[in-house]
Amino acid sequence: MNSMTLPLKSVANSFLQADFRDGFASISPMKIQKLVYLAHGWNLAINDEPLISEKFEAWPYGPVEEELYHIFKQYGNGPIRDYAKSWAGNEEKAFVVSDANSGFYDIFNRVMQKYGHFTALQLSALTHQPGTPWSETRANGWPEIPDDMIRDHFRELAAHGG
């Protein structure tokens with residue numbers, strides 16, 4: 001992967017594009033948060049760089065990226081039915097990560113294969129376990145989960161076959 005972070009909306013839209021392929025939307029706002037967080041974590045562990053430049057915060061239901069929360073909160077607990085849009089010139093467009101970015105899709109495919117079948121609540125429970133970056137951040141009263149903590153956690157998961 002090149003040493004450049006990717007746009008948050010493009011990463012989220014890549015997960016949504018995969019979800020929409022069968023014509024049935026199933027990813028909720030909570031699940032998109034967890035999938036982007038997991039991809040970010042694995043990217044930090046494997047490529048030693050953040051996937052996105054935004055920071056995850058330790059909210060009550062797990063790691064949350066605030067902009068992503070506001071983009072999709074209108075869907076509540078239901079499935080997201082449309083892409084996150086960005087302005088391109090004078091119109092809004094939905095962008096995904098380019099198919100040419102094999103580094104991203106290596107991580108993306110790993111995350112989808114390992115976690116894609118889990119529900120939002122199962123993913124939330126996974127990120128809430130004792131010793132996770134989320135639980136450590138909450139215990140310390142910090143607002144943001146440090147990327148180095150996320151990286152170290154996912155490296156530990158990798159070392160134990162995670």
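**View 1. Helix α2 (residues 29–47) has the span expected for its 19 residues: at 1.5 Å a residue they should cover 27 Å, and the end C-alpha atoms are 26 Å apart, which agrees.** The expected span is 1.5 Å times one less than the number of residues in the helix. Helices here are DSSP runs of H or I with at least four residues, strands are runs of E with at least two, and both are numbered from the N terminus. Please keep in mind that this is a predicted model, in which local features need pLDDT of at least 70, side-chain atom pairs count only at pLDDT 80 or more, and totals for chains, interfaces and linings use all residues. Residues are numbered from 1 along each chain as its sequence is written, and side-chain values use heavy atoms, with hydrogens and water left out. Most of α2 is covered, as 17 of its 19 residues are buried. Buried means under 20% relative accessible area, exposed means over 50%, and partly exposed lies in between (1.4 Å probe, protein chains only).

**View 2. Asp-48 follows α2 and has a positive phi, near 60 degrees.** This residue has that positive phi although it is not a glycine. You will find Asp-48 in the loop between α2 and β1 (57–59). Its relative accessibility is 49%, so Asp-48 counts as partly exposed.

**View 3. Ser-14 of helix α1 (residues 8–20) is the centre of this close-up.** With 1% relative accessibility, Ser-14 counts as buried. Two polar contacts are worth a look; the term means a pair of N or O atoms within 3.5 Å, where within protein one must be able to donate a hydrogen and the other to accept it, and residues adjacent in sequence count only if both atoms are side-chain atoms. One joins the side chains of Ser-14 and Tyr-105 at 3.5 Å. In the other, a polar atom of the Ser-14 side chain lies 3.0 Å from the backbone nitrogen of Val-97. Leaving aside residues up to four places away in sequence, Ser-14 touches Val-96, Val-97, Phe-104, Tyr-105 and Phe-108; contact means heavy atoms within 4.5 Å. Ala-25 is eleven residues from Ser-14 in sequence, and their C-alpha atoms are 13 Å apart.

**View 4. Phe-104, a residue of helix α4 (residues 102–115), is shown with Asn-101.** Phe-104 has a relative accessible area of 0% and is therefore buried. From C-alpha to C-alpha, Phe-104 and Val-11 are 8.9 Å apart, although 93 residues separate them in sequence. Asn-101 sits in the loop between β4 (91–93) and α4. At 13% relative accessibility, Asn-101 is also counted as buried. The Asn-101 side chain reaches the backbone nitrogen of Phe-104 at 3.0 Å.

**View 5. Thr-127 in helix α5 (residues 120–128) has partners from several parts of the chain.** A relative accessible area of 5% makes Thr-127 buried. The side chain of Thr-127 reaches the backbone oxygen of Ser-124 at 2.9 Å. Not counting residues up to four places away in sequence, Thr-127 touches Lys-34, Tyr-37, Gly-62, Pro-63, Thr-132 and Trp-134. Gly-62 is 65 residues from Thr-127 along the chain, and their C-alpha atoms are separated by 6.1 Å.

**View 6. Helix α6 (residues 133–140) meets helix α7 (residues 147–159), with axes that come within 9 Å and cross at roughly 140 degrees.** That makes α6 oblique to α7. Angles under 35 degrees count as roughly parallel, over 145 as roughly antiparallel, 65 to 115 as roughly perpendicular and the rest as oblique. The axes are lines fitted to C-alpha atoms, for helices over the stretch in contact, and the angles run from 0 to 180 degrees between N-to-C directions. From α6 the contact uses Pro-133, Glu-136 and Thr-137, and from α7 it uses Met-149, Ile-150 and His-153. By class, the contact has three nonpolar, two polar and one charged residues. Nonpolar covers Ala, Val, Leu, Ile, Met, Phe, Trp, Tyr, Cys and Pro, charged covers Asp, Glu, Lys and Arg, and polar covers the others, Gly among them.

**View 7. Gly-162 lies in the segment after α7.** Its relative accessibility of 28% means that Gly-162 counts as partly exposed. Beyond residues up to four places away in sequence, Gly-162 touches Trp-42, Lys-114 and Leu-157. Lys-114 is 48 residues from Gly-162 in sequence, with 9.1 Å between the C-alpha atoms.
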